[in-house]
Protein chains: 2
Amino acid sequence: MPRPVCYSTKAYSTPSATSPLGAAVIERRQPLAGDVQIQILYCGVCHSDLHYARNEWHFTQYPAVPGHEIVGRVTATGPGVTKFKAGDTVGVGCLVDSCRTCPSCRQGLEQYCDAGMTGGTYGGTEKHLGTPTLGGYSQSIVVTEDFVLRLPANLNPAAAAPLLCAGITTYSPLRHWKVGPGQKVGIVGLGGLGHMGVKFAQAFGAHVVVLTTSPGKAADAKKLGAHEVVVSTDGKQMAVHAGSFDFILDTVSADHDLNALFNLLKREGNLVLVGAPERPQPVASFALIFRRRSFSGSLIGGLPETQEMLDFCGQHGITSDIELIRMDQINTAYERMLQSDVKYRFVIDMATLT
Amino acid sequence: MPRPVCYSTKAYSTPSATSPLGAAVIERRQPLAGDVQIQILYCGVCHSDLHYARNEWHFTQYPAVPGHEIVGRVTATGPGVTKFKAGDTVGVGCLVDSCRTCPSCRQGLEQYCDAGMTGGTYGGTEKHLGTPTLGGYSQSIVVTEDFVLRLPANLNPAAAAPLLCAGITTYSPLRHWKVGPGQKVGIVGLGGLGHMGVKFAQAFGAHVVVLTTSPGKAADAKKLGAHEVVVSTDGKQMAVHAGSFDFILDTVSADHDLNALFNLLKREGNLVLVGAPERPQPVASFALIFRRRSFSGSLIGGLPETQEMLDFCGQHGITSDIELIRMDQINTAYERMLQSDVKYRFVIDMATLT
């Protein structure tokens with residue numbers, strides 16, 4: 001197969017784990033059959049961008065271009081594209097391809113692809129070029145139409161960008177485990193993921209309790225839709241809520257005490273982790289055994305569910321609370337993100353990459 | 001309320017965490033309204049008897065009489081007893097009472113009683129006497145009829161004793177998580193619990209794989225009903241089975257690598273721990289997140305399910321593989337249990353306590 005024709009586009013890239021990100025020119029394939037070319041308008045900044053840029057998961061391919069919360073406008077389509085046309089406002093998330101034939105892919109759960117999903121940033125391979133995939137900190141991207149999402153017209157496109165990762169990562173487990181009215185649901189951590197978890201759990205009709213180590217976040221949590229706030233370092237508050245939660249969505253990726261959280265669950269309650277602590281966390285068997293509790297993990301969402309989530313957000317006017325930054329502010333934004341100094345997601349205005 | 005009239009009965013007891021068990025005389029209440037008095041014929045020896053006798057869970061009340069896998073014959077009944085009569089062959093397990101009013105109790109899940117189940121051995125309180133409950137290493141016991149089980153007549157009563165704990169502890173999670181035909185099920189550990197797990201999973205129609213660190217156990221595992229055996233310390237064998245299990249029942253109470261086991265699970269597969277490692281075990285978030293796997297705990301079973309299990313065993317001729325011992329062999333049996341030198345459960349012939 002001949003190498004596809006490519007074009008150049010501007011991006012922000014890093015050559016190593018210890019370098020800052022800086023301007024670069026990268027190559028994208030010209031749209032092939034089924035491909036959609038997208039001018040990127042906005043790209044959210046996920047904590048995992050930082051993990052990946054700094055090789056904290058030990059599989060980064062350099063030079064690396066992070067970014068997987070992409071909102072843009074279709075500029076061209078390849079032969080045979082039926083779902084999109086030039087001018088459409090679209091989204092691209094973590095997934096840009098998958099095997100499409102395994103049971104998970106056939107069920108629309110491409111994130112769990114047996115062959116391994118193709119991440120747009122996480123060490124994936126651009127199958128047409130044989131090179132590492134490059135993410136959304138760039139002016140343009142080309143993605144097969146089956147991995148492109150329609151963005152509801154009523155949503156602010158900048159504030160919608162984080163829905164593509166922070167949104168679906170919290171929406172999917174809340175839907176999968178059927179969170180809804182009559183349930184008491186905990187959201188652990190009030191960052192990019194957590195604040196979306198609060199919005200969705202509230203929209204689904206649950207009684208929402210934010211669990212945070214920061215007493216100062218209580219007022220904001222309530223503004224976002226939480227009914228109660230529990231300071232998780234306060235033993236007395238935690239004791240009051242022992243054994244009372246149906247479901248806990250844990251968005252924290254730092255080391256933290258899972259067993260104290262398990263003890264908040266009712267019989268058969270479930271704590272689902274969507275944060276990804278680097279180190280294994282200790283789990284006390286008794287915390288699970290004595291009330292038949294469960295501890296689960298969940299990863300983003302598949303294409304059908306991501307579209308469903310975007311449509312739900314359109315119907316309910318849900319977007320992320322964001323701070324819009326210029327592309328050249330990204331290194332400072334990473335430092336601020338490490339200090340949890342963001343409400344609640346940085347989004348890059350890609351028009352500033354000139 | 002006056003203290004009930006008591007009678008004396010022989011038992012084996014220990015006065016401290018470091019003492020061997022020895023002959024003693026204990027007091028039981030005379031049957032009150034609703035009570036059943038039972039001559040104990042056989043009592044299984046659970047690993048937790050040893051944990052409790054040696055205060056390894058730090059809540060033992062001394063002098064302690066272990067034993068919660070009790071099979072016996074009804075010798076007398078108190079006023080109002082309708083379910084049993086003198087001469088009936090019956091069983092008593094871990095539970096001898098509970099609050100009976102909380103949601104779990106009302107649902108027949110007395111093991112998860114909100115007020116805390118009354119264990120016949122595990123630091124429970126004999127509510128009529130206000131003294132610590134004393135277990136089955138004794139000639140006689142008095143239990144309220146609602147916590148006494150009918151033993152099917154066709155079962156060998158000695159080999160049925162371990163059903164009251166090892167049996168129900170493995171039966172309950174296999175039923176709760178609906179293990180059955182078409183599923184590949186792993187049983188981790190081939191001891192008292194594990195060998196019952198193999199028998200039940202096989203009886204429920206699953207494809208049963210024993211996961212063991214001991215290659216020497218393969219032939220025995222197959223005799224018990226396993227279709228395959230995987231040596232869990234053999235990376236190559238483990239890799240062959242990666243992502244292929246629907247369900248894993250983990251009966252190991254020593255420290256062990258849970259993450260290697262999680263990696264054997266399919267998408268949405270579940271590992272249920274019924275062993276109780278003393279120390280918290282490290283859980284890698286990625287092992288759960290990447291296939292939406294779950295890690296759960298399960299504790300024995302409630303009274304209705306324990307009766308269902310005994311009836312199932314009667315219909316299918318299922319009992320434990322046992323080694324019958326004399327009461328005065330109990331201290332040696334504990335040492336042998338620590339060496340895993342038992343196939344698969346010691347049962348005390350209580351007629352030898354004279």
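## Terms and model

Contact here means heavy atoms within 4.5 Å. This is a predicted model, in which local features need pLDDT of at least 70 and side-chain atom pairs count only at pLDDT 80 or more, while totals for chains, interfaces and linings use all residues. Residues are numbered from 1 along each chain as its sequence is written, chains are lettered from A in the order in which they are written, and side-chain values use heavy atoms, without hydrogens or water.

## Two copies

Let's start with the pair of chains. Chain B superposes on chain A by a rotation of 180 degrees with 0.0 Å of shift along the axis and an RMSD of 0.0 Å (least squares on the C-alpha atoms of residues with pLDDT of at least 70 in both). That is the relation of a two-fold axis. In chain B, the residue closest to this axis is B:P282, with its C-alpha at 2.1 Å.

The copies meet through the same surface, because 100% of the interface residues of chain B are also interface residues in chain A.

## Two domains in chain A

Now look inside chain A, where domain 1 covers 6-165 + 320-353 and domain 2 covers 167-297 (bounds from an automatic or database domain assignment). Their C-alpha centres lie 28 Å apart. Across the boundary, 11 residues of domain 1 are in contact with 13 residues of domain 2.

Two salt bridges link domain 1 and domain 2 of chain A (a side-chain nitrogen of Lys or Arg within 4 Å of a carboxyl oxygen of Asp or Glu). A:K199 forms a salt bridge with A:D321, with the closest N and O atoms 2.6 Å apart.
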